[in-house]
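Dear colleague,

I am passing on the structure below, together with some notes that should help you find your way around it. Please read them with the sequence and the view open side by side.

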Amino acid sequence: MALWRIRATVDDRPGFLSVLTASLALRGVNILSVQVHTTEAGAIDDFLVDAPDSVDEAELTAAVERGRGRRCWVQRSEARGLADPPTRVLGLATRLVRDPEASGEALRTLLGADEVSWRPAPPVDRPGLDDHRMRLADPTGGTFTLRRAAPSFTPAEYARAQALVELAATVARRAEDQVTVVVADGAEVRVRPAGADDVPAILDLHEKSSERSRQRRYLGGCGVPAPSRLRRLVEPERGVTLVAVDLDAPGEPVVAMANLLGEGDEAEVALLVRDDWQRRGLGTALLRRVVRRAERDGYAALVLHVQAENVPMLRTLRRLGRPTPVDRDGPLLTVTLPLTVTPAITG
């Protein structure tokens, strides 16, 4: 027995697929898997089959055509073709999480493309596909172009390829957002975007911070916020939460966080630094990182609500060296930090 891939267009009408499969069965062909690609011309069925050694490409093509299949394409397959498509895609996604620079090879593997190229400029034509060429917008900038002599590309394959490219771009952006910061006394922390898995560590940060530090952060009660509230802070609808992780401590605990919460063309910022990490330059490093992130995301200004007695935070703001208009309402100061908008790169 031998493995073959068969692709053919079949009228999307009741009973037509069963006619094709019956025609293959008459030649002793066993269908191992089938994918259906919906197109305007009809349903394109992609089969992985096991056929007797005596059956060749011409006989398989004839069997498909007798079964009312059109635009038939037949090719020998390898044992790796036995892996079902979702498993293969998940494997490629795992590879991209580890190495987002492998986008081109992942696309080649996903689609069996003969050629994959990348250009730094957006496509002259809109992203899309014709029979043998596919153009994909790279969210980080540039364009992927794929070519395949046969079979023709389908809209379903285009959607899968674009999703894979967007995954790689997301992973790449997340990797860029991770930096190692060396504070004044030489200690190292990793600053990165927080995720839902960080809620327990952020809860521990609050529990190990003094009441005074928590009161300065939340401008009110000094208790530890509920996990549900922290979860909303970690994954806001607009914005981001950055955490600083102590690389030298057991378990790499979170020792500081910065919240960037967007509303309109402005974003509100708040910091919490564990007491034993204060006065070491970590708050300044976090604030600078948040400013760069806000400029990249297109906000016009940052707003910070600071208690007038919070001298360390006011000193941190002055270190930015930017004009910061201040409005005072009793003991509460509202500081506005104008930003220079950095246009996002789009494909």
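The most exposed-looking question may be the best place to begin: is R292 buried, partly exposed or exposed? Before the answer, please keep in mind that this is a predicted model. R292 sits in helix α9, and with a relative accessibility of 47% it counts as partly exposed, because it lies between the limits of 20% and 50%.

Charge on the surface

R292 belongs to a surface patch of positive charge, in which it is gathered with R288, R315, R318 and R319. The elements that contribute two or more residues to this patch are α9, covering 282-296, and α10, covering 311-319, and it is α10 that supplies the largest share, with three residues.

There is also a patch of negative charge on the surface, formed by E263, D265, E266 and E268. Of these residues, D265 is placed in the loop between β12 (254-263) and β13 (266-273), while E268 will come up again below, where the pairing of β13 is described.

Salt bridges

How many salt bridges does the structure hold? There are 19, and a few of them are worth following one at a time. As a general point, side chains of opposite charge can pair when their charged atoms come close.

D11 and R70 form one of these salt bridges, with 2.7 Å between the closest N and O atoms. This pair joins distant parts of the chain, since D11 is in the loop between β1 (2-10) and α1 (16-25) and R70 is in strand β4 (residues 70-76), the two being 59 residues apart. D11 is partly exposed, with a relative accessible area of 28%, and R70, at 33% relative accessibility, likewise counts as partly exposed.

Another salt bridge is found between the side chains of R322 and E295, at 2.9 Å from N to O. Here too distant parts of the chain are linked, with R322 in the loop between α10 and β15 (326-329) and E295 in helix α9, 27 residues apart. R322 is partly exposed, with a relative accessible area of 30%, whereas E295 counts as buried at 10% relative accessibility, because buried means under 20%.

The salt bridge between D204 and K208, whose closest N and O atoms are 3.3 Å apart, is set within a single helix: both residues lie in α6 (residues 199-208), four residues apart, which is about one turn of the helix. D204 is partly exposed, with a relative accessible area of 23%. Finally, R5, R7, D46, R148 and E157 are linked with one another in a network of salt bridges.

Strands and their pairing

Strands of a sheet pair through backbone hydrogen bonds, either parallel or antiparallel, and both senses can be found in this model.

An open sheet is formed by four strands, which follow the order β5-β8-β7-β6 with antiparallel pairing. β5 (115-119) and β6 (128-129) are at the edges, and each has a single partner strand, so one side of each is left without a neighbour in the sheet. The antiparallel pairing of β6 with strand β7 (residues 133-137) runs over two bridges, and within it G128 has R135, in β7, as its bridge partner.

Strand β9 (residues 179-182) and strand β10 (residues 188-193) are also paired in the antiparallel sense, over four bridges, and T180 has R190, in β10, as its bridge partner. β9 and β10 make a hairpin with five residues between them, and G186, which is in the turn, has a positive phi of about 95°.

A parallel case is given by β13 and β14, which are joined by three bridges, with V303, in β14, as the bridge partner of E268. Six of the seven residues of β14 are buried, so this strand is largely enclosed by the rest of the structure. L302, which has its place in strand β14 (residues 301-307), counts as buried at 0% relative accessibility. The C-alpha atoms of L302 and E268 are separated by 5.7 Å, although the two residues are 34 residues apart along the chain.

With best wishes

Conventions: Residues are numbered from 1 along each chain as its sequence is written. This is a predicted model: local features need pLDDT of at least 70, side-chain atom pairs count only at pLDDT 80 or more; totals for chains, interfaces and linings use all residues. Side-chain values use heavy atoms; hydrogens and water are left out. Patches are made of residues with over 30% relative accessible area and no salt bridge: like charges are joined within 9 Å, nonpolar side chains (Val, Leu, Ile, Met, Phe, Trp, Tyr) within 5 Å. Accessible areas come from the Shrake-Rupley method with a 1.4 Å probe; for residues, only the protein chains shown count as cover. A salt bridge is a side-chain nitrogen of Lys or Arg within 4 Å of a carboxyl oxygen of Asp or Glu. Lys and Arg count as positive and Asp and Glu as negative; His and the chain ends are not counted. The place of a charge is taken as NZ of Lys, CZ of Arg, CG of Asp or CD of Glu. Buried means under 20% relative accessible area, exposed over 50%, partly exposed in between (1.4 Å probe, protein chains only). Two strands pair if DSSP finds at least two bridges between them.
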